[in-house]
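Thanks for sending this one over. Below are some notes to read alongside the model, point by point.

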Amino acid sequence: MEHLQEHEASLEQTQRYCVQRPIYNEELLQGQLHRRERTPQTLRQKIAHSCRCSSKKAKSHLYSCIPILKWLPRYPVKEYLLGDIISGISTGVMQLPQGLAYALLAAVPPVFGLYSSFYPVFLYTFFGTSKHISIGTFAVISMMVGGVAVREVPDEMIPVGYNSTNVTDSLDFDARDTKRVQVAVTLAFLSGIIQLCLGLLRFGFVAIYLTEPLVRGFTTAAAVHVFTSQLKYLLGIKTSRYSGPLSVVYSIAAVLSKITTTNIAALIVGLTCIVLLLIGKEINLRFKKKLPVPIPMEIIVVIIGTGVSAGMNLSESYRVDVVGNIPQGLRAPAVPDIQLIPAIFVDAIAIAIVGFSMAVSMAKIFALKHGYAIDGNQELIALGICNFVGSFFQSFSITCSMSRSLVQESTGGKTQIAGALSSIMVLLVIVAIGYLFEPLPQTVLAAIVMVNLKGMFKQFGDIAHFWRTSKIELAIWVVAFVASLFLGLDYGLLTAVAFAMITVIYRTQSPQYRILGQIPDTDIYCDVEEYEEVKEYPGIKIFQANASLYFANSESYTSALKKKTGVDPCAVLAARRKAQKRHGREIKKANANDVEASVKHEIANDELPVNGRFAEASVQDMSPDEQERFVEPKPNIHSLILDFTPVNFVDSVGAKTLKSIIKEYKEVGVRVCIASCSAPVMNELTRLSFFDNTVTREWLFHSIHDAVLACQVKARSVLLSEPLPAQARSEKRSVPPTN
């Protein structure tokens, strides 16, 4: 294999090509090409075409909206079923304790975490396009939901008798939890509608605005929020839950203020569970290839914790907080509280976009690894249906879980059947054995949450990585982390997205500018400052900017052009006017003092004042010092080529700037050409009325090499057409004939 690759590489290096063709500018090229005739459709025709229905089109739309109809009839039972069963059981074993634990993050009773681990997961089997991601509760989304629930229903807001106006010191926790469940359910309802609308409108591209550095910085900050919120459960102390700006600071201060009331029994149980979970994860990681399935340490810890709590009666004897009542069976569907929508609308948008971004990013990773395609818009619709329908059954917002998805994929999961089986396991717990987990200490759930944050805390290593690769991406990561940490996850996300957009504008406003030269004996042009072999053509400057030309960078483009080429038309014209005035003063002085001196000046300077004004002097009339000052480093520049290869678009301001550049350089005798202009940019220039009598398509060339050759031909023709200077003519006449 290596010999074959070496042979192919040697063939590539020895191959040569030679092409003989005319020098093409755009006018000549378009004259030789024939455009395809296209009949534009009217709006009525477009609507009629989109509304036209056939059996094939209806079938395609049905398969697109409900993907299970396409892949389930072709399901290879013998090949896939065993792997899906093992994967479904393994994922379901993780789904159960995580559902209970993440319900604490969402500030709702644990049973609602089980509901959120059943309905949405089962629905995704029918509507999702990813075969490997595990839908359900996730720490970041649960934390965002809990922040909104606590903000709308704080501990101090609900007195005894929820609708009563009499405020007492004791709180009715059942009424508080009921109201928080209403907030969480309405939030899922609204975020589901938003995701559905975005999917139906084909807005799946919105996820691209959440770049990888932004998401990683945001999730790292969310991990800090989650870890902080679980400290009180680990320590067994009673503190209020905070949301909004500086909630992390307030939470840490509240924990430290009551650190002396730590429940030692709860702390011992929690730390023991953390140690067991870390050991289990390390074993699974080191012996991943040898173990048929990962050791389900989370469910093992839940079972041990429940047994110890029930056997030692930790709730009564040591006042350890436990999960409490888990009602059996499924609840009847109920309509969410619509009146809460105005207060939580912005939060729902953030949750909808973050949830979709995390799900689609994981789905793309698995799709690339296993060689299948996912539909981003259908993923939006699937998540929207999961959240929208699930909200009627008291589930809160969900998305893809990274840890469960990795388990589902690594244990042999092949299709969405694995997710359906995991949801059925959760259903069995809800309807049959849920009451067995009522003695489970909350500190065990806190330990599960904290250990699952290990992967997110490893993202602090991104700082060193982005420091080496990209300072701008590092800035995005830091801003996303700091803003989300101190402003809260909602305002932090908005701040991070705004900053990421600013970096895009900054990059286009501050592109890299370079002067190009030719690699000898080729038509390849590179940066003259980068390579020693690259040489410039005498009298020709090739300028390139790696950005589009529009209102935000048009001024910097012009400034960089003058600086890089060393030719400032305004400075050259100013120097000419200055030289004219000086020559005029010298001529007047000579005329006043001596007629002979005046005659000598006329010989040296052919131009005399006309109607009190002097004509503009050419570049040759300037003194050598002035030429060296204003036309550095090559005073003989006659052509300027603008490489438009990186230019994607030009707006009206950019077109005016381009026209101004051509006009200014023409006044000082420099011809400006444009090379490698793409067809869309050409069409934009045409729409902007860029071409007229002064600027034609003859100024545009298909490639840099075409432009260079055309400039050389033009320079030679101008040189041959210019008359010889008077001194040269006299010297030519005085040369005697040779024998």
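**Notes on the salt bridges, a serine, a surface patch and a strand**

1. Let me start with Arg151, which has a relative accessibility of 33% and therefore counts as partly exposed. Please keep in mind throughout that this is a predicted model. Arg151 sits in helix H9 (residues 139-152), and its partner Asp347 is in helix H16 (residues 341-370), so this pair links distant parts of the chain, 196 residues apart.

2. How far apart are the closest N and O atoms of the salt bridge between Asp347 and Arg151? They lie 2.7 Å from each other. Asp347 has a relative accessibility of 6%, under the 20% cut-off, and so counts as buried. The bridge thus deserves a look from both ends, as Arg151 is partly exposed and Asp347 is buried.

3. Arg151 also has a partner right beside it in the numbering: its side chain meets that of Glu152 in a salt bridge, with an N to O distance of 3.1 Å. Glu152, at 22% relative accessibility, is partly exposed. Which residues make up the network of salt bridges here? Arg151, Glu152, Asp347 and Asp490 are linked in it. As general background, side chains of opposite charge can pair when their charged atoms come close.

4. For the wider picture, the structure holds 15 salt bridges. Another of them joins Asp568 to Lys562, with 3.8 Å between the closest N and O atoms. Asp568 is partly exposed, its relative accessibility being 28%.

5. Next, have a look at Ser397, in the loop that runs between helix H17 (376-391) and strand E2 (399-401). Is Ser397 buried or exposed? Its relative accessible area is 1%, so Ser397 is buried. The side chain of Ser397 makes a polar contact of 3.4 Å with the side chain of Ser191. Leaving aside residues up to four places away in sequence, Ser397 touches Ile141, Val145, Leu187, Ala188, Ser191, Ile351 and Asn387.

6. On the surface there is a nonpolar patch formed by Tyr242, Leu246, Val249, Tyr250, Val478, Val482 and Phe486, which together have about 550 Å² of accessible area. Helix H12 (247-257) and helix H23 (471-487) are the elements that give two or more residues to this patch. The largest share, three residues, comes from H23. Tyr250 belongs to helix H12 and is partly exposed, at 43% relative accessibility.

7. Strand E3 (residues 513-518) is mostly covered, with six of its six residues buried. In a regular strand the side chains alternate between the two faces of the sheet. For E3, both faces are covered: Tyr513, Ile515 and Gly517 are buried on one side, and Arg514, Leu516 and Gln518 are buried on the other.

8. What does E3 pair with? Strand E5 (residues 540-545) runs antiparallel to E3, and four bridges join the two; here Tyr513 stands opposite Ala545. Strand E4 (residues 525-527) also pairs with E3 in the antiparallel sense, over three bridges, and Leu516 has Asp527 as its bridge partner in E4.

9. One last detail concerns the hairpin of E3 and E4, which has six residues between the strands. Asp521 in this hairpin takes a positive phi near 65 degrees.

Key
Residues are numbered from 1 along each chain as its sequence is written. This is a predicted model: local features need pLDDT of at least 70, side-chain atom pairs count only at pLDDT 80 or more; totals for chains, interfaces and linings use all residues. Side-chain values use heavy atoms; hydrogens and water are left out. Buried means under 20% relative accessible area, exposed over 50%, partly exposed in between (1.4 Å probe, protein chains only). A polar contact is a pair of N or O atoms within 3.5 Å; within protein, one must be able to donate a hydrogen and the other to accept it, and residues adjacent in sequence count only if both atoms are side-chain atoms. Contact means heavy atoms within 4.5 Å. Patches are made of residues with over 30% relative accessible area and no salt bridge: like charges are joined within 9 Å, nonpolar side chains (Val, Leu, Ile, Met, Phe, Trp, Tyr) within 5 Å. Accessible areas come from the Shrake-Rupley method with a 1.4 Å probe; for residues, only the protein chains shown count as cover. A salt bridge is a side-chain nitrogen of Lys or Arg within 4 Å of a carboxyl oxygen of Asp or Glu. Two strands pair if DSSP finds at least two bridges between them.
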